[in-house]
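Work through the exercises below with the sequence and the coordinates open. Each task is followed by a solution in steps.

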Amino acid sequence: MNTEINCKYNDLLVSIIENLKNEEVDRRLESFVHEMIEFCSSDSRIFTIYRILKEIEVDIALKKKSLDPSMAGILEKICSYINTEVEIALFKLNQPTLIDIENNMKADIPPLLKWTDDKVALVELIYAITKSVNNGKGSAKKIVACFEFIFQINLGNFYDTLSAINDRKTNITRYLDSLPKNLLDTLNKLNE
C-alpha cells in the first residue's frame, strides 16, 4: 500500500478510535481524501490503485464490526470517497485512452468544500437537477454520492428526506425558491 495514503488512513483511524474532537477528525479526513485523490490522479498503475482502494475498503468493513457504532458515519463517508475513486478506476480500465489524457493534464485538485446549509436543502437541490445529469439517466444514489464527496457531508437516508419534502404543507420547494434571489443579489453586486 502507498505509504503516504497508508499513514493518512492510519491517522484518521486513530482519531476515530481515540474519539478526538470533530475538527481533528475532519482535518485528518480531508488530508486522507486529498492524498487518496492525488495518488489516484497521478498514478497510471490502475490495477495498483484499484487494489489499494479495495484493501482500505476491506479494512474499513472489518473495523466497523469492532468500533463503536457511533463511528459508523465517518467510516461510511470514507467508503463513499473510496467508491467514487473505484468507479473512476473502473471507468479508466474500460477506457484506457483516458489514462494518458489524465496524465498529460496537470490540473490542481480543488480544495474540498463543506455544505453549510441544511441537509434537506441539498437533497432538494439534488432531486431538482436529476434530469440535468447524464441526460436524465443519472441515479439519485450516484448523484448523492458525488455531492456527499464534494461537500463533505453525509446525507443519510435521502429517500426519507425526499418524503419529508413531499409532506410539506406549504412551500414545498423552499430552498429552490430562495435560489433566484441569491443569484439576483450576486448580479446586483456585480453591477454596483
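The exercises go from the fold to single residues, then to rings and open space; the model is predicted.

**Exercise 1. Fold**

Task: State how many helices and strands the chain has, and what share of its residues is buried.

Solution:
- Step 1. The count gives nine helices and zero strands.
- Step 2. Written in sequence order, the pattern is therefore α-α-α-α-α-α-α-α-α.
- Step 3. The chain has 192 residues, and 34% of them are buried.
- Step 4. Take the contacts between residues at least 6 apart in sequence: 70% of these join residues at least 24 apart.

**Exercise 2. Positive phi**

Task: For N134 and Q152, find the phi angle, then the element, then decide whether each is buried or exposed.

Solution:
- Step 1. N134 is not a glycine, yet its phi is positive, about 50°.
- Step 2. The loop between α6 and α7 holds N134.
- Step 3. The relative accessible area of N134 is 58%; the cut-off for exposed is over 50%, so N134 is exposed.
- Step 4. Q152, also a residue other than glycine, has a positive phi near 55°.
- Step 5. Q152 sits in the loop between α7 and α8.
- Step 6. With 9% relative accessibility, under the 20% limit, Q152 counts as buried.

**Exercise 3. Two helix residues**

Task: Place T161 and H34 in their helices and classify their accessibility.

Solution:
- Step 1. T161 belongs to helix α8, residues 158-166.
- Step 2. Its relative accessible area is 16%, so T161 is buried.
- Step 3. Once neighbours within four places in sequence are set aside, T161 is in contact with V120 and V123.
- Step 4. H34 belongs to helix α2, residues 22-42.
- Step 5. The value for H34 is 37%, which lies between the limits of 20% and 50%, so H34 is partly exposed.
- Step 6. H34 and I5 are 29 residues apart along the chain, and their C-alpha atoms are separated by 9.4 Å.

**Exercise 4. Aromatic rings**

Task: Describe the geometry of the pair W115 and Y175, and name the cluster that contains these residues.

Solution:
- Step 1. The whole structure contains six aromatic pairs.
- Step 2. In the pair of W115 and Y175, the ring centres are 6.0 Å apart and the planes make an angle of 65°.
- Step 3. An angle over 60 degrees counts as edge-to-face, so the pair of W115 and Y175 is edge-to-face.
- Step 4. W115 is in the loop between α5 (97-104) and α6 (119-129), while Y175 is in helix α9 (residues 174-191); the two are 60 residues apart, and the pair links distant parts of the chain.
- Step 5. W115 has a relative accessible area of 16% and is buried; Y175 has 16% and is buried.
- Step 6. W115 and Y175 form one aromatic cluster with F147 and F151.

**Exercise 5. Cysteines**

Task: Give the number of disulfides, then classify the accessibility of C7 and C79.

Solution:
- Step 1. The structure has zero disulfides.
- Step 2. C7, at 42% relative accessible area, is partly exposed.
- Step 3. C79, at 12%, is buried.

**Exercise 6. The cavity**

Task: Find how many cavities of 30 Å³ or more there are, and which residues line the largest cavity.

Solution:
- Step 1. The search of the whole structure returns one cavity of 30 Å³ or more.
- Step 2. The volume of the largest cavity is about 30 Å³.
- Step 3. Its lining consists of C40, I46, I49, E85, I88, A89 and K92.
- Step 4. Two or more lining residues come from each of α3 (46-66) and α4, and α4 gives the largest share, four residues.
- Step 5. Sorted by type, the lining of the largest cavity has five nonpolar, no polar and two charged residues.

**Exercise 7. The second largest pocket**

Task: Give the volume of the second largest pocket and describe its lining.

Solution:
- Step 1. The second largest pocket holds about 620 Å³ of space.
- Step 2. It is lined by 24 residues, and those closest to its centre are K141, K142, V144, A145 and C146.
- Step 3. The elements giving two or more residues to this lining are α4 (72-94) and α7 (140-151).
- Step 4. The largest share, eight residues, is from α4.
- Step 5. By type, the lining of the second largest pocket splits into nine nonpolar, eight polar and seven charged residues.

Conventions: Residues numbered from 1 in each chain as written. Predicted model: local features only at pLDDT ≥ 70, side-chain atom pairs only at ≥ 80, totals over all residues. Heavy atoms only, no water. 1 Å grid on protein atoms, 1.4 Å probe; cavity = no way out; pocket = protein on both sides within 12 Å on 5 of 7 lines; lining within 4 Å. Points joined across faces, edges and corners; volume = space filled by probe spheres on them. Nonpolar A, V, L, I, M, F, W, Y, C, P; charged D, E, K, R; others polar. Phe/Tyr/Trp six-rings, centres within 6.5 Å; stacked < 30°, edge-to-face > 60°. Buried < 20%, exposed > 50% of the residue type's maximum accessible area, 1.4 Å probe, protein only. Disulfide = S-S within 2.5 Å. Contact = heavy atoms within 4.5 Å.
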